[in-house]
Amino acid sequence: MENFFSVADVDDLDQVVQEALSLKANPYSWRELGKNKTLGLVFLNPSLRTRLSTQKAAMSLGMDVMVINMDKEGWALETQDGVIMNGTTVEHVREAAAVMGEYCDILGLRSFPSLKDKVADYTEELFNKFVKFCGVPVVSLESATRHPLQSLTDLITITEHKKVARPKVVLAWAPHVKALPQAVPNSFSEWMCEAQKQGLVDFTVAHPTGYELKEEFTTGARIVSDLDDALAEADFVYVKNWSSYHDYGQVYPLEGDWLMTNKKLALTNDARVMHCLPVRRDLELSSEILDGPNSLVVKEAGNRVWAAQVVLKRILESLKK
Amino acid sequence: MENFFSVADVDDLDQVVQEALSLKANPYSWRELGKNKTLGLVFLNPSLRTRLSTQKAAMSLGMDVMVINMDKEGWALETQDGVIMNGTTVEHVREAAAVMGEYCDILGLRSFPSLKDKVADYTEELFNKFVKFCGVPVVSLESATRHPLQSLTDLITITEHKKVARPKVVLAWAPHVKALPQAVPNSFSEWMCEAQKQGLVDFTVAHPTGYELKEEFTTGARIVSDLDDALAEADFVYVKNWSSYHDYGQVYPLEGDWLMTNKKLALTNDARVMHCLPVRRDLELSSEILDGPNSLVVKEAGNRVWAAQVVLKRILESLKK
Amino acid sequence: MENFFSVADVDDLDQVVQEALSLKANPYSWRELGKNKTLGLVFLNPSLRTRLSTQKAAMSLGMDVMVINMDKEGWALETQDGVIMNGTTVEHVREAAAVMGEYCDILGLRSFPSLKDKVADYTEELFNKFVKFCGVPVVSLESATRHPLQSLTDLITITEHKKVARPKVVLAWAPHVKALPQAVPNSFSEWMCEAQKQGLVDFTVAHPTGYELKEEFTTGARIVSDLDDALAEADFVYVKNWSSYHDYGQVYPLEGDWLMTNKKLALTNDARVMHCLPVRRDLELSSEILDGPNSLVVKEAGNRVWAAQVVLKRILESLKK
């Protein structure tokens, strides 16, 4: 593995999941692999789970870790070429990325979308420039359009908890107070569509009209606007809010009942409930579910470590070649 | 030891002090004990001494350390149950604590009191919820009502520097420009009262009328409002400001002379002077004392490492069982 | 080596450069030297390259590292003596430095100048007080008047890339939008003047009238105000902005063409171009140079690791004595 940005960076999904689960069983068996290797974790936006789980995974592999909170400790980066830098940006991504590549063997980068400039966001301008100029492998810690460590985590969690060979997985839109990126649902859909292709799951997306994701992320999925219909016979329900892709970054007045509750859960096949966290209790997902036996959200967050660890392990292995 | 929150988490005070001093003599003799164990240090408020000394102690025990500045890098936590989270809090402590527990073998938590809601502060609402939901041992890095790593440090420092078997220790209120929590004086009193019970010290508290601490913390102490009286024959003077407990968080116009000076020190038995730091020079404690031979404040701060290390060592040992 | 503050802390410049280059060839051959030693990196101002390169260097030497962002995580320090601390400063440098010295075997300190109080800045008041009170060796991570890790890096980079025994090196002033300190040009001049004395380079400084550096930093250098004249036959051009020393912290209306471009580079002996970064593209230095074959800026930044590593190695060696 050279970079980790999307599902396209993994071939056999079940294989990578099994490798992650073997790391979960023996987390410290690869302490020598990362020796004398440095991971730099670069954040242009806040992070809790991603930073901790990736840092932990790297330390368990024997790596040294440096965290770089550009949003707090650093300064504003210029991303445009051909600009005379006489304004507020202090350093160009060309230099900043290249320099961080000098100090680290692998870099992780988190950069949220603007939710204003659809083209810049969906061409992954910042992420791609960073990859181009840093000169070392880059792991996405969530980019404008994807959150692949989360999606790999989700597949690991589904694999661990499934009771049938090919469980029915539903991505269910939920309400929120803020306009959120599409990165998590895009990425989850992309991974579930590929998992469906590889015979691992059966995948449905449910959202109100107007919240259609960009088509390339949902190819092969069943897409419905009737949540109750989607939930029938579901084995896993993945709850998540997102803002509109087509009417970019917009949020519409809420119509219908999209809060996930035990009453809705009764329509499913005793489904396990997932969420990437942080979750707004009783707005996106009811407390009764979160505090009940069907919630996987904490175990899911715990699995972030093994997703990060298998990705770092694979990149370290290709560095050795 | 499972958690470290108050003096009740230690049985024999002299034993824990002696163990700390043996770590001071051989800091790196337990590097194997913490191997493949991760300490997460969670700060809801700023920290200098506590973070550095605890991080250093953990590294000396071979642990990996992750620092989590929730107040700067993170987001606002919801602590109330039954709230629809459609406001400014981003994540509930139920999820946040549980997730951090997934990534760490031991957690440290710093959370100051509001100084507005006495009941919430003195029931240690946040700290207790964090312990309840995180699922791993928790070390207090100062909570609303106590600062036990500081108090253990203080007992270590007194033990190192005492010239008689049962020295006279005085906690002396001092002026300040801000309304400060009662956590440090509560905790110091609690530890000294227990130390008095175990025959290790003789303990007096001196403060202006109105600054009485909550009774449970001072049981057995001699309490006076005449500083000069308290200082007579003192072997150790512990200088500290705090705001009113009864008239919660209030500060009264200063009456009398409570700044500790060499002139006041002349009343004592050549007492050593202590302070938890940071100290306001010439407001709480005179420069002449801080720069003179009787000040222990820097050595005291240095001893924070051994308090943290003995606590982490004992928790690591109980994890192994 | 006890402290690292200026060129005076090194005797034989070529020897320290060769030692740095041997560390570059074998970065991990001294992992045992720093075992059980802790480096504290204290920042009163932001840092990217300095923090990462010094942290990396220390980890490669086997040290534990603690980063202390006093400007973000800490609090305002009092530096004046004889002040009643009833204002906004929370802790005196006397205590803060001493306490950090208790937790660390070596400290690094970054503190920028005020650019307002020339005397305080040029007597290095803060840095010197920190050294005086912390009680352990201190490495400058850039002080009010010098940036010695950068200057040592620059000499390493010149040594690596020189084609003649005694290359011509030009420090060329460049425009900027902000008033910047003189620390980098002071320090570069100081090191190059000493390198000139030791027969390693031939050194010229070019700047508009009014930007004269303090004389002690440029003793022995050729100083001109005609950039084209300076560039003739140059082997290395070091581009950097700074504000006025004599009219302290002032910036004058720009006269003449001081942006470094390929056209200007044509006057040189195919000179390599250096800059300490961050650089304002097309204001200080043209994009065509930065993206072209003559730029050394990224390799130069990479060399920061070996400058830090040789300095830490030498200090660790003197600690062992």
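Across the interface of chain A and chain B there are four salt bridges. One of them joins the side chains of A:Arg49 and B:Glu91, with N and O 2.9 Å apart. Please keep in mind that this is a predicted model. The points below start with this interface, move on to the one between chain B and chain C, and end with some annotated residues of chain A.

**Where chain A meets chain B**

- On chain A, 29 residues take part in the contact, and chain B brings 28 residues to it.
- About 2700 Å² is buried between chain A and chain B, and carbon and sulfur atoms account for 57% of that area.
- Three residues of chain A stand out here: A:Leu48, A:Arg280 and A:Arg281 supply 23% of the area that chain A buries against chain B, more than any other three residues.
- Besides the salt bridges, one can look at polar contacts: 14 residue pairs are in polar contact between chain A and chain B, counting pairs with both residues at pLDDT 80 or more.
- Helices α2 (49-60), α11 (297-302) and α12 (304-320) of chain A each give at least two residues to the side of chain A that touches chain B.
- Of that side, α2(A) provides the largest share, with seven residues.
- Sorted by class, the side of chain A that touches chain B holds 14 nonpolar, 10 charged and five polar residues.

**Where chain B meets chain C**

- Here chain B contributes 29 residues to the contact and chain C contributes 28 residues.
- Chain B and chain C together bury about 2700 Å², with 57% of it on carbon and sulfur atoms.
- On the chain B side, the residues that lose the most area to chain C are B:Leu48, B:Arg280 and B:Arg281, which together make up 23% of what that side buries.
- Four salt bridges cross the interface of chain B and chain C.
- The number of residue pairs in polar contact between chain B and chain C is 14, again with both residues at pLDDT 80 or more.
- Two helices of chain B, α2 (49-60) and α11 (297-320), each supply at least two residues of the side that touches chain C.
- The most comes from α2(B), which gives seven residues to that side.
- The side of chain B that touches chain C consists of 14 nonpolar, five polar and 10 charged residues.

**A closer look at C:Glu95**

- You can find C:Glu95 in helix α3 of chain C, which covers residues 93-103.
- C:Glu95 forms a salt bridge with B:Arg281, and the closest N and O atoms are 2.8 Å apart.
- The side chains of C:Glu95 and B:Arg281 also count as a polar contact, at 2.8 Å.
- Leaving out residues up to four places away in sequence, C:Glu95 touches B:Leu277, B:Val279, B:Arg281 and B:Leu290.
- C:Glu95 has a relative accessible area of 3%, so it counts as buried, the cut-off being under 20%.

**What UniProt lists for chain A**

- An unreviewed UniProt entry gives residues 201-313 of chain A as "domain: Aspartate/ornithine carbamoyltransferase Asp/Orn-binding".
- Over residues 201-313, chain A is 26% helix and 14% strand, and the C-alpha atoms at the two ends lie 26 Å apart.
- The UniProt annotation "binding site", also from an unreviewed entry, covers A:Glu142, A:His176, A:Lys240 and A:Arg280.

**Two of the annotated residues: A:Lys240 and A:Arg280**

- A:Lys240 sits in strand β10 of chain A, which runs over residues 236-240.
- With a relative accessibility of 7%, A:Lys240 is buried.
- Not counting residues up to four places away in sequence, A:Lys240 touches several residues of chain A, including A:Leu171, A:Trp173, A:Val184, A:Cys276 and A:Glu284.
- A:Arg280 belongs to the loop between β11 (272-274) and α10 (287-290) of chain A.
- A:Arg280 is buried too, at a relative accessible area of 4%.
- The contacts of A:Arg280, not counting residues up to four places away in sequence, include A:His176, A:Val177, A:Lys178 and A:Leu285 in chain A, and B:Met85, B:Asn86, B:Gly87, B:Thr89 and B:Val90 in chain B.
- A polar atom of the A:Arg280 side chain lies 3.2 Å from the backbone oxygen of B:Met85.
- A:Arg280 thus appears both in the "binding site" annotation from UniProt and among the three residues that supply 23% of the area chain A buries against chain B.

How values were computed. Residues numbered from 1 in each chain as written. Chains lettered and ligands numbered in written order. Predicted model: local features only at pLDDT ≥ 70, side-chain atom pairs only at ≥ 80, totals over all residues. Heavy atoms only, no water. UniProt positions renumbered as here; feature names shortened; annotations may be inferred. Helix = DSSP H or I, 4+ residues; strand = E, 2+ residues; numbered from the N terminus. Contact = heavy atoms within 4.5 Å. Buried area = accessible area lost by both parts, 1.4 Å probe. Polar contact = N/O pair within 3.5 Å; in protein donor to acceptor, adjacent residues only side chain to side chain. Nonpolar A, V, L, I, M, F, W, Y, C, P; charged D, E, K, R; others polar. Buried < 20%, exposed > 50% of the residue type's maximum accessible area, 1.4 Å probe, protein only.
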